Amino acid sequence: MIDKTFATLADAVAGIHDGATVMIGGFGNAGMPSALIAALIEQGARDLTIVNNNAGNGETGLAALLKAKRVRKIICSFPRQADSQVFDALYRAGEIELELTPQGNLAERIRAAGAGIGGFFTPTGYGTLLAEGKETRLINGRHYVFEEPIHADFALIKALRGDRWGNLVYRKAARNFGPIMAMAAKTTIAQVREVVALGELDPEVIVTPGIFVQRVVQEAI
Amino acid sequence: MMNRYSRDQIAARVAQDIPEGAYVNLGIGLPTQVANYLPADREIFLHSENGLLGMGPAPAPGDEDEDLINAGKQPVTLLTGGAYFHHGDSFAMMRGGHLDICVLGAFQVSGGGDLANWHTGAPGAIPAVGGAMDLALGAKQVFVMMDHQTKTGESKIVQQCSYPLTGVACVHRIYTDLAVLDVTPAGLKIVQMVDGLSWEELQAVTDAPLLPL
């Protein structure tokens, strides 16, 4: 019997190694897998490369991981916010590397990794600072910039419900990066509000099929 | 002393140009106010890049849902018939040319339609871009709404942007507190000016050249 569910959050984040690239779902706090992040801080992996849209809000979740000095580099689109003080201080002190990428390129680079695409040409960013040094091409009279996929060792995502095969459904706009990050990581770990029995999720509305998910854990056990 | 349009008047003027059935993204900040002036009897689909179509107004106090926010991370609602989707699909809507209109704020726009709105380039400034570069290039029509001049009186409509660019030749129409201008291959065409303003007076506060009336 295939059972991808894990009994504890600690079990679910076991094996995340120092130096790993870890995608973390969420847009601000919507969809942020805070229970998995707390377990990762406890687990102790360091020197991580983190992929997220932002760079932490306030002092919890991703900001707490940054504050614990576990992150070497962050790939994101919008680090600077009213409450990004943890990132701001690390960045100004030169203690974290930033790879800034337009949000649509971030999403498509993640999606490309998940779909086995070796890179793509996009008009986004052409002629701007964020395209400097990148290959460009004129296609049908329009300028494009070459962007590479972003692969990850692990993805930590948050969903509403999951089953033992790893099928997931999400809640409202908390879906955001979850489905594409699940595709782009070797090991995807989903924090769900509720583990349900096989068959309880309507196959017509499953958003992330279980092939993209390796571990499922209930957030409050 | 020149007459000037208020921010509410600019927002109302932008709203006039959004037809029924349009798929529209309103950028963070000033453009968000356009939603207040869309007539209730006109069905318009508001898109939010974090994964919403059919975005509705802010919820009543107490009804906020942390999983239902807009791109500015403020609580919103979903209209009946609205939909949720993931970031890959959301940005495909933007980058694939499916949105009819996006409305953005700006630091500067050039006479050729170059847009600068993401980064001042100031030393020590932490850069953040979000979806600005995707929106600038993806929508069928890109509207900019901004003050005509900076607080110190410099024109924000320039011959060449001095701030780092968001996109090249991507702006179609500019709405300011003094005028509405179309970016055309021939140059900036005046669509509308505040009452009492002459071409000469507008040109005097506009760095980029204006086409004759």
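# Two chains, one shared core

Not counting neighbours up to four places away in sequence, Val158(B) is in contact with Gln108(B), Ser110(B), Asp207(B) and Ala208(B). This is a predicted model. Val158(B) sits in strand S9 of chain B, residues 157-158. The C-alpha atom of Val158(B) is 9.1 Å from that of Gly112(B), although 46 residues separate the two along the chain. Is Val158(B) buried or exposed? Val158(B) is partly exposed, because 19 other C-beta atoms lie within 10 Å, and a buried residue needs 20 or more.

**Confidence**

The predictor assigns the complex an ipTM of 0.94 and a pTM of 0.96. The average pLDDT of chain B is 96. In chain B, 100% of the residues score at least 70.

**The two chains side by side**

| Property | Chain A | Chain B |
|---|---|---|
| Secondary structure | six helices, twelve strands | four helices, twelve strands |
| Radius of gyration | 18 Å | 17 Å |
| C-alpha extent along principal axes | roughly 50 × 45 × 30 Å | about 50 × 40 × 30 Å |
| Buried residues | 52% of 221 residues | 44% of 213 residues |
| Share of contacts (separation of 6 or more) from residues 24 or more positions apart | 76% | 64% |

Chain A, with 221 residues, would have a radius of gyration near 17 Å as a compact globule, and its 18 Å agrees with that. For chain B, with 213 residues, the globule value is also near 17 Å, and its 17 Å agrees.

**A strand residue in chain A**

Ile74(A) lies in strand S4 of chain A, residues 71-76. Ile74(A) is buried, because 25 other C-beta atoms lie within 10 Å and the cut-off is 20 or more. Beyond four places in sequence, Ile74(A) touches Ile50(A), Asn52(A), Ala55(A), Pro79(A), Ile96(A) and Leu98(A). Ile74(A) and Glu99(A) are 25 residues apart in sequence, yet their C-alpha atoms are 6.2 Å apart.

**Helix H2 of chain A**

H2(A) runs over residues 34-43. Its buried residues are Ala35(A), Leu36(A), Ile37(A), Ala39(A) and Leu40(A). An α-helix has 3.6 residues a turn, so residues three or four places apart point the same way. What do the buried residues of H2(A) pack against? Two helices of chain A take part, H1 (9-12) and H3 (62-67). Three strands of chain A do too: S2 (21-24), S9 (152-162) and S11 (185-195). After H2(A) comes Gly44(A), with a positive phi near 105°.

**Helix H5 of chain A**

H5(A) covers residues 103-114, twelve in number. From its first C-alpha to its last it reaches 17 Å, close to the 16 Å expected at 1.5 Å a residue. How many residues of H5(A) are buried? Twelve of its twelve are. Among them are the charged residues Glu108(A), Arg109(A) and Arg111(A). Gln103(A), Asn105(A), Leu106(A) and Ile110(A) are also on the buried list.

The cover comes from both chains. Chain A contributes S2, strand S6 (120-122), strand S8 (142-147) and helix H6 (178-184). Chain B contributes H2 and H3. H5(A) is followed by Gly116(A), whose phi is positive, near 75°.

**The contact between the chains**

The contact involves 30 residues of chain B and 36 residues of chain A. On the chain B side, helices H2 (87-95) and H3 (132-138) each supply at least two residues. H2(B) gives the largest share of that side, five residues. By class, the chain B side holds 15 nonpolar, eight polar and seven charged residues.

**The nonpolar core**

In soluble globular proteins, nonpolar side chains tend to be buried together. Here the largest nonpolar core has 130 residues. Which residues have the most contacts inside it? From chain A they are Val22(A), Met23(A), Leu36(A), Ala155(A), Met181(A) and Ala184(A). Chain B adds Val144(B). Strand S9(A) provides the largest share of this core, six residues.

Leu36(A) also belongs to the buried residues of H2(A). Ala155(A) can be followed further. Leaving aside neighbours within four places in sequence, Ala155(A) is in contact with Met23(A), Met181(A) and Ala184(A), which are listed with it among the core residues with the most contacts. The other partners of Ala155(A) are Ala182(A), Ala185(A), Thr188(A) and Ile189(A).

Note on methods: Residues are numbered from 1 along each chain as its sequence is written. Chains are lettered from A and ligands numbered from 1 in the order in which they are written. This is a predicted model: local features need pLDDT of at least 70, side-chain atom pairs count only at pLDDT 80 or more; totals for chains, interfaces and linings use all residues. Two residues are in contact if their C-beta atoms, placed from the backbone, lie within 7 Å. A nonpolar core is a set of buried Ala, Val, Leu, Ile, Met, Phe, Trp, Tyr and Cys residues joined through C-beta atoms within 7 Å. pLDDT is the predictor's confidence in each residue, from 0 to 100. The expected span of a helix is 1.5 Å times one less than its number of residues. The radius of gyration is taken over C-alpha atoms; the globule rule is 2.2 Å times the number of residues to the power 0.38.
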